[in-house]
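Q: I would like to learn how to read the aromatic rings in a protein model, and I am new to this one. Could we go through them slowly?

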Amino acid sequence: MKTALLLVDVQNDFCPGGNLATARGDEVASKIAELISTPDSRTRDYVATVATQDWHIDPGAHFSEKPDFVDSWPVHCVADTYGAEIRGPVRRDLIDQFFKKGEYSAAYSGFEGKNADGALLGDWLREQGVTHLDVCGIATDYCVRATVLDALKEGFEVRVLRGMCSPVDDKGGADALQAMMDAGAEIV
Ligand SMILES: [Zn+2]
């Protein structure tokens, strides 16, 4: 069994002050920063730490001046801008691979993401022999949820680190945790 830590969209725009902020974004970023810089008995066996990034160039109807906050959103995570960068104090140098998604269309699941070599997240993880994923990040009710459901479909065993996930809203976050659990994820 090989476990990787998967950080979903821990980006400036999804944290307080960002264009699409979630209330607990900074709390989650701080906890994740501590987790990856001081691994404990539960987490020191990770074979890799990987991060997904929403990375928009021209994502069509994903952006709107009148967003419905379901299928359309304010402009966020534009490629190569501050808003798309990994949120501090999470240290980029402690992340082994970055998988970017959503250049020209909406992409909620990290499994749509590709690394600098063009490898898809799922293929890269399998190449490393990863069988288990611990998943956390932003937002619980959108990209974390979609990423976890795809991870399960691709055959990974998944634990969701719920204290390190930030939702768009609390009800949506609770529903997402239930949906991930129903699909086979362990919520810890
Ligand atoms: Zn987006």
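A: Let us begin with a charge and a ring, keeping in mind that this is a predicted model. The charged end of K100 lies over the ring of W55, at 4.0 Å from the ring's centre.

Q: Which ring does the charged end of R92 sit over?

A: For R92, the ring beneath the charged end is that of F98, and the distance to its centre is 4.1 Å.

Q: How many aromatic pairs does the structure hold, and how is the pair of F69 and W73 arranged?

A: There are five aromatic pairs in the structure. One of them joins F69 and W73, whose ring centres are 5.9 Å apart and whose planes meet at 85°, an edge-to-face arrangement because planes over 60 degrees apart are counted that way.

Q: Are F69 and W73 buried, partly exposed or exposed?

A: Buried means under 20% relative accessible area, so W73, at 3% relative accessibility, counts as buried, whereas F69, at 41%, counts as partly exposed.

Q: Why is the pair of F111 and F156 called tilted?

A: Their planes stand at 40°, with the ring centres 6.0 Å apart, and so the pair is tilted. This pair links distant parts of the chain, 45 residues apart: F111 lies in the loop between β3 (97-101) and α2 (121-127), while F156 lies in the loop between α3 (140-153) and β5 (157-166). Both F111 and F156 are buried.

Q: Which residues do ring pairs link into a cluster?

A: The cluster linked by ring pairs is made up of F69, W73, Y108 and Y142, and the edge-to-face pair of F69 and W73 has already been described above.

Terms used:
Residues are numbered from 1 along each chain as its sequence is written. This is a predicted model: local features need pLDDT of at least 70, side-chain atom pairs count only at pLDDT 80 or more; totals for chains, interfaces and linings use all residues. Side-chain values use heavy atoms; hydrogens and water are left out. Rings of Phe, Tyr and Trp (its six-membered ring) pair if their centres lie within 6.5 Å; planes under 30 degrees apart count as stacked, over 60 as edge-to-face and the rest as tilted. Buried means under 20% relative accessible area, exposed over 50%, partly exposed in between (1.4 Å probe, protein chains only). Helices (H or I, at least four residues) and strands (E, at least two) are DSSP runs, numbered from the N terminus. A charge sits over a ring if NZ of Lys or CZ of Arg is within 6 Å of the ring centre and within 35 degrees of the ring normal.
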